[in-house]
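Visitor: Please show me the model. I want to ask how its labels are earned.

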Amino acid sequence: MVPRLESFFKPKTIGVVGASRNTTKIGHAALKNLLISDYECKIYPINPKEKEILGVKCYKKVTQIPGEIDLVLVSVPAKIVPQIIRDCKQKKVKNVIIISSGFSEVGNHELEEELKAILEKSNMRVLGPNVMGYKNASDGLDASFVYGRARQGNLSLISQSGALGIGMIHLANHEFVGISKIIGVGNKIDIDDDDLIDYFAQDSDTKVVGLYIEAVKDGRKFMNSIKRCKKPVLVVKAGKSIAGARATASHTGSMAGSDKIYEAAIKQAGGIRCRDIVELFDMARALAGQPPAQGNRIGIITNGGGLGILLTDACEANGLVVPKLSFKTYKKIDKILPDIVKPNNPVDLTGDAGFYRYEASTRALLEDPNIDGIIVASVHGGYARPVEFTGAILKMIRGRKLHEEYKKPILATWIGGKEFEDLVWDLKSAGVPIYPSSWRLARSMMALYLEGERLKREKEAG
Ligand code: ACO
């Protein structure tokens, strides 16, 4: 375990500097989020003018609080922050989150350097400045000032952008992607992406790590932390275009750097680069719920020939292959198809395919040693109702025994309207990896293949 960050994510005592009675202030929201957390700890509001806020005794200074302090949230104007950090250092506070903006992101490098100088010769860990804080959904602690509760799960997210981080919480909830922890890193004067990757690598509540980055401070440390992490690491790196890099500099004051170098470094370290946040969630859903693919040979089952071709193209464009069926599998599937078609890959079950054809052909591909991953697709054809397709998917994907026996991922997609939407909603809420586009599905299957390759390399290296 990264020892110091254990008390950062699971503090027993928390102070809030800049806590306020004024409900419009960030310091009020931060204190309230702590108080409504489903988490046992001692909370100390700090405000020089108040005796009590939200029913909790208030202290004038950090140094006046009795006992050890594991974590302090700071929400006072930037110019006061250095003095607060000095107080925290004197009090031997273990961790600090500086919510306040007004540092290097607005060109105020001097003030940020002052903070760094104070931190010299101190064991205190500092997140920020210019951050939202974090939400630890696994333990029920909200150490942020932002509204919204994350659905509990096993994806841990690191975001260099606070606002995007907030959006990610709500998008993840909407997409039924569960979160263990989500944290904003802001200007990264101390706690950096690599520290957090190291922590999440050893955190038993985290299964997949996701990052939104604009720039990293130390490329080598960043790469090594991804390399060390024995869990999938998904990276959205922004600032690819010249205009995007310019926007990066004014957003968090960081230099986007050469995109080609980032691309190569992430790949070499064993991370998976995602094109955007939606793709990160798509891949996270697949990685969290499905076994990795042992190879890149994909079997496709569909009731619509056109959708099968689109999926084939999307797979091939993303480093996957769609091989011909083995004779044995051909024979098995031939038995369940109507006479008008012959089995192929993609397997076209034809427009009237119901529950049985989907289930039996998926099972045939699971049993085929030449297939590493399976895609099951349906177009709203009008003969069999969509519920037959979704029923078959639910049975196959959630069948624990099938997973244990064959260790092959199954992903699903559909083309259709309202009737399908309602059923897909149910599937998503049950954790089924189902995607509204061939491309999004193929990219997620690619992630499962890359994870399978990473695990093989890890095993070879011992
Ligand atoms: N110790 C403790 N409390 C103090 C001290 C002190 N030394 N000095 C002042 N305070 C109190 C103030 O009196 C006030 O309390 P009050 O309402 O009872 O008077 C409280 O601390 C806050 O101070 P204000 O001067 O009122 O500052 P305000 O709350 O307006 O703004 C803030 C502070 C929120 C930190 C602001 O400067 C800021 O940086 N805002 C941006 C924050 C942000 O967006 N961060 C990035 C997040 S990431 C994202 O994008 C979501």
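The talk below covers the ligand site and the cavities.

Guide: This is a predicted model, where local features need pLDDT of at least 70, side-chain atom pairs count only at pLDDT 80 or more, and totals for chains, interfaces and linings use all residues. Residues are numbered from 1 along each chain as its sequence is written, and side-chain values use heavy atoms, with hydrogens and water left out.

Visitor: What makes the pair of Asn-47 and the ligand a polar contact?

Guide: A polar contact needs a pair of N or O atoms within 3.5 Å. A polar side-chain atom of Asn-47 lies 2.9 Å from an oxygen atom of the ligand, so the pair qualifies. Backbone atoms take part too: a polar one of Ile-99 is 2.9 Å from a ligand nitrogen, and a polar one of Ser-101 is 2.8 Å from a ligand oxygen.

Visitor: How much of the ligand does the protein bury?

Guide: The protein buries 72% of the 1,000 Å² that the ligand exposes when taken alone. Those areas come from the Shrake-Rupley method with a 1.4 Å probe.

Visitor: Why is the space lined by Asn-303 and Arg-385 called a cavity?

Guide: On a 1 Å grid over the protein atoms alone, a cavity is a set of points where a 1.4 Å probe fits but cannot get out; lining residues have an atom within 4 Å of a point. The largest cavity holds about 70 Å³, a volume being the space filled by probe spheres set on the points. Its lining counts 16 residues, and Asn-303 and Arg-385 are among the closest to its centre.

Visitor: Which helix gives the most to that lining?

Guide: Helix 14 (386-398), with three residues. Helices here are DSSP runs of H or I, at least four residues, numbered from the N terminus.

How values were computed
A polar contact is a pair of N or O atoms within 3.5 Å; within protein, one must be able to donate a hydrogen and the other to accept it, and residues adjacent in sequence count only if both atoms are side-chain atoms. On a 1 Å grid over the protein atoms alone, a cavity is a set of points where a 1.4 Å probe fits but cannot get out, and a pocket is an open set with protein on both sides within 12 Å along at least five of seven lines; lining residues have an atom within 4 Å of a point. Helices (H or I, at least four residues) and strands (E, at least two) are DSSP runs, numbered from the N terminus.
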